[in-house]
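Today I am opening my notebook on aromatic rings. Come along as I look them up one by one.

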Amino acid sequence: MAYDSSRQKTWMFGSGGSSWDTGGNELWHFDSVTKLWTKIIANGSVPPARLYHGFVYLPSYDKFILYGGAAGYGSSYTKYNDTWVYSPTSNTWTQLSTTVAPTATQMIGMVYDSVNNVIIVAIENEQFWLFRYAERVSDIDITPPAAPSGLSVS
């Protein structure tokens, strides 16, 4: 789930699965003013159904980022390392082509750091990744964020 402060709505991806082990690929939003849930039917293709994924909102771009997750059980268990962008303005999903991505795995957590304009992804096996979204290649800023003072990792 991710909160969109400009629309005062909480968005949720992944509900509507036919069984507990596959998850879903429905998109819903909750309007905090009317107190109503609304199912969103996106134009075009949508990400495959999944569980254990990350979903964050980028207010500076008015976009949602969906990353990773898993579906299935036992021998049919599938782990994803795909990245999708949802635009509420055009009501469309776009799958990103990424040259480097974390290995397909279960998500531990994903948050957006608005100060450094970076998404922080934590996945199993104690891996942390940073992802910075840009709509054009020329907009990509590869400057790493400054380390917070007093931070130590052991």
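I searched the whole structure, which is a predicted model, and found ten aromatic pairs.

I began with Y61 and Y133. Their ring centres are 4.9 Å apart and their planes stand at 90 degrees, so I wrote this pair down as edge-to-face. Angles over 60 degrees earn that label.

Next I asked where the two partners of this pair sit in the chain. I found Y61 in the loop between β5 (54-58) and β6 (63-71), while Y133 belongs to the segment after β11 (127-131). The two are 72 residues apart, so this pair links distant parts of the chain.

Is Y61 buried or exposed, I wondered? Its relative accessibility is 22%, so I noted Y61 as partly exposed. For Y133 I read 10%, so that residue counts as buried. The cut-off for buried is under 20%.

Then I turned to F64 and Y86, an aromatic pair with 6.3 Å from centre to centre. The planes make an angle of 45 degrees, and I noted the pair as tilted. F64 lies in strand β6 and Y86 in strand β7 (residues 78-87), with their positions 22 residues apart in the numbering. This pair, too, links distant parts of the chain. I checked burial here as well: both F64 and Y86 are buried.

Which residues do ring pairs link into a cluster? I listed W11, F13, F55, Y57, F64, Y86 and W93.

My last entry is about a charge and a ring. The charged end of R50 sits over the ring of Y80, at 4.4 Å from the ring centre.

How values were computed
Residues are numbered from 1 along each chain as its sequence is written. This is a predicted model: local features need pLDDT of at least 70, side-chain atom pairs count only at pLDDT 80 or more; totals for chains, interfaces and linings use all residues. Side-chain values use heavy atoms; hydrogens and water are left out. Rings of Phe, Tyr and Trp (its six-membered ring) pair if their centres lie within 6.5 Å; planes under 30 degrees apart count as stacked, over 60 as edge-to-face and the rest as tilted. Helices (H or I, at least four residues) and strands (E, at least two) are DSSP runs, numbered from the N terminus. Buried means under 20% relative accessible area, exposed over 50%, partly exposed in between (1.4 Å probe, protein chains only). A charge sits over a ring if NZ of Lys or CZ of Arg is within 6 Å of the ring centre and within 35 degrees of the ring normal.
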